[in-house]
Amino acid sequence: MWYEEAVFYQVFPLGFCDGLRDNDGVMNRCISEFADWIPHLQKLGTDAVYFSPIFESDYHGYDTRDYRVIDKRIGTNKNFAELVSKLHEAGIKVVIDGVFNHVGRGFFAFKDVCEKKWDSAYKDWFNISFDGNSPYNDGFWYEGWEGYYNLVKLNLNNPDVVNYLIESVRGWVDEFDIDGIRLDVAYCLNRDFMKRLRYETDQMKQEFFLVGEMLHGDYNTIVGNECLHSATNYECYKGLYSSFNSANFYEILYSLNRQFGKDPWCLYTGKHLFNFVDNHDVERVASILEDKNQLPLIYTMLFTMPGIPCIYYGSEWGMEGTKNWNDTDLRPEIKVFEWNELTDTIQKLIHLKHNHSALSYGDYTQIGITNTACIYQRQDEKECLWICMNMKSVVQTLGFNGQGNFIDMETNEELYIHNALDFKPYEIRILKKVS
C-alpha cells in the first residue's frame with residue numbers, strides 16, 4: 001500500500017490562507033497558492049499532503065457548516081480540485097480531514113431544528129432533549145462534543161446521518177479525487193460507522209487511506225482489516241519530546257518496544273501508525289525541545305521508528321509556535337517557505353526512508369541503551385540497519401551485547417563493532433550491517 005512507505009506533510013489551510021476568524025465569507029488568500037509549494041515538497045521528497053479542515057465552517061474548520069462546499073475563506077471547490085490535480089501531477093497524494101463526530105451550529109440540519117423544534121425532520125440527527133435548554137437558550141438541550149456547545153454532536157446511530165456523510169465522502173472522491181481521510185476524534189466515533197466508511201471507500205477508490213485521531217487508549221480498537229488503516233501515535237509523540245527533555249531514552253524506547261517489539265504481548269507489531277513530532281493541536285517541536293541541538297536527533301527517530309512520518313508545515317526549518325487560547329500561533333499564515341540545515345537533515349532522512357525498505361517494513365529490536373544514548377535495529381529480509389544516537393553535548397561510549405561488520409551510511413566507512421560504540425556530541429550514526 002502506498003501509505004506504508006509514504007512521508008506526509010500536514011497543512012492547516014485556514015491558517016495558511018489567513019482565514020482563522022469567524023466566517024465572514026471573505027477570502028484573504030486562496031488555497032490554490034499552495035501549488036507554489038509543490039517544488040518545495042518535491043525537493044524534500046514528501047509523498048502526500050494532509051490538509052486539515054477545508055469545508056465551510058463557523059470558525060476553525062472543525063465546526064462544519066457544509067460538508068460539500070470548500071470554505072469561502074480559502075477558495076472554491078474548483079480551486080481545491082485544481083490544486084489536487086496539480087499535486088497528483090507531481091506524484092503527491094492528498095488526504096483531507098473528515099469531521100464526522102460533530103458539526104457547527106451553522107450546519108443546515110441543526111439550524112432547521114433550532115427553527116422548527118419538534119417539527120424538524122432533522123431532530124433525530126442529533127442527541128436532543130426537549131425537556132431541557134442549551135447555553136445558547138435554544139429551547140432544547142443537545143449534546144455538545146466534550147461540553148463544547150459550538151460543536152453539536154451528530155447521532156451516528158441514525159442511518160440518515162450515516163448515509164448523508166457517506167454520500168458527502170463520495171462527492172469528495174468524485175469531485176476532488178482525494179486519496180484518503182483523517183478522521184477527527186476517531187476515539188469518539190461509532191465503530192460501525194467506521195467499518196461502513198471503510199467498506200464504502202474501498203469501493204470508491206483503490207488503496208484509499210483512512211487514519212483515525214487517537215489521543216489515548218488501544219489503537220487496535222479502530223485499526224484493522226475491517227476498520228481504519230492507521231491511527232495517530234500520540235503515545236510516541238509524547239515519548240519523543242519527553243525523552244529528550246528529561247534525558248531519558250528509556251521512555252521512548254520502552255514505548256517502541258511495547259508497540260512494535262517481537263514479543264507476543266507487543267501491541268502493534270506489523271501495523272503502520274501515523275507518527276509526528278508536532279501538529280496543529282500541539283506546540284511546535286522547536287518550541288518544546290529544551291535543547292535545539294537535539295532537533296536533528298528527534299527527527300531521525302521520527303523517520304527511523306516503525307510507522308508513517310508526518311511533517312507539520314514550517315517545522316521542517318524549525319519554526320516555533322506555542323499554544324494560545326485559540327491556537328492561532330500553531331496554525332499560522334506562511335507566505336514563503338524556508339530552507340536551512342534542519343531542512344537538509346529532514347530531506348536526507350526522507351531519502352533514507354525511501355531507499356531502505358527496513359524503515360517501512362522492518363521489525364524493531366532494541367540493541368543498547370542508557371539514559372542519553374541508544375541503538376535500535378530495523379531489519380527486514382533485505383537489510384539490517386542500526387540507528388545510533390547520543391543526545392548529550394559530550395562524548396560518550398555505549399556498551400551493549402552485540403557485534404558485526406557495518407557500513408556507515410553517511411561516510412561509507414567500514415567498521416567492526418564489538419560490544420561498544422563511541423559517540424561524538426549529539427552524534428547520529430545509521431549503520432548497515434554487512435555480516
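Let's start with charge: the protein chain carries 41 positive and 64 negative charges, and the mean positions of these two groups are 1 Å apart. Keep in mind as you look around that this is a predicted model.

Now step back and take in the whole chain. It has twelve helices and 21 strands. With a radius of gyration of 23 Å, close to the 22 Å that the globule rule gives for 435 residues, the protein chain is as compact as a globular protein of that length. If you drew a box around its C-alpha atoms along the principal axes, that box would be roughly 80 × 45 × 40 Å. Of the 435 residues, 58% count as buried. The protein chain exposes about 17,400 Å², and carbon and sulfur atoms supply 47% of that area. Sequence separation is worth a look too: take the contacts between residues at least 6 apart in sequence, and 67% of them join residues at least 24 apart.

Next, find the open sheet of eight strands. Reading across it, the order is β13-β12-β11-β5-β2-β1-β15-β14, and the pairing is parallel. What happens at the edges? There you'll find β13 (230-231) and β14 (274-276), each with a single partner strand, so one side of each has no neighbour in the sheet. Elsewhere in this sheet, β1 (residues 8-11) and β2 (residues 48-51) run parallel and are joined by four bridges. To spot one of these pairings, look for V11, whose bridge partner in β2 is F51.

Let's go back to the edge strand β14, because it holds F276. Is F276 buried or exposed? Its relative accessibility is 4%, and the cut-off for buried is under 20%, so F276 counts as buried. Leaving out residues up to four places away in sequence, F276 touches T232, N233, Y234, Y237, L240, L302 and C310. You can also trace from F276 to I308: they are 32 residues apart along the chain, and their C-alpha atoms are separated by 8.4 Å.

Another phenylalanine to visit is F249, in helix α8 (residues 249-260). F249 is buried, with a relative accessible area of 0%. Which residues surround it? Setting aside neighbours within four places in sequence, the contacts of F249 include S243, F244, M301, M389 and M391, along with I369, T370, N371, T372, A373 and C374. Then there's N390, which is 141 residues from F249 in sequence, yet the two are 9.8 Å apart in space, C-alpha to C-alpha.

One of those contacts, I369, leads us to another pair of strands. β16 (residues 363-369) and β17 (residues 373-379) run antiparallel, with six bridges joining them. A hairpin of three residues takes the chain from β16 to β17. Within this pair, D363 has Q379 as its bridge partner in β17.

Finally, here are two loop residues with a backbone angle to check. K117 isn't a glycine, but it has a positive phi of about 55°. You'll find K117 in the loop between α4 (108-116) and β7 (128-129), and it is partly exposed, with a relative accessible area of 27%. N137 also has a positive phi, near 60°, and it isn't a glycine either. Look for N137 in the loop between β7 and β8 (141-142). With a relative accessible area of 59%, N137 is exposed.

Technical notes
Residues numbered from 1 in each chain as written. Predicted model: local features only at pLDDT ≥ 70, side-chain atom pairs only at ≥ 80, totals over all residues. Heavy atoms only, no water. Rg over C-alpha atoms; globule rule 2.2 N^0.38 Å. Buried < 20%, exposed > 50% of the residue type's maximum accessible area, 1.4 Å probe, protein only. Contact = heavy atoms within 4.5 Å. Areas by Shrake-Rupley, 256 points an atom, 1.4 Å probe, with all protein chains shown as cover. Lys, Arg positive; Asp, Glu negative; His and termini not counted. Charge placed at Lys NZ, Arg CZ, Asp CG, Glu CD. Pairing = 2+ DSSP bridges.
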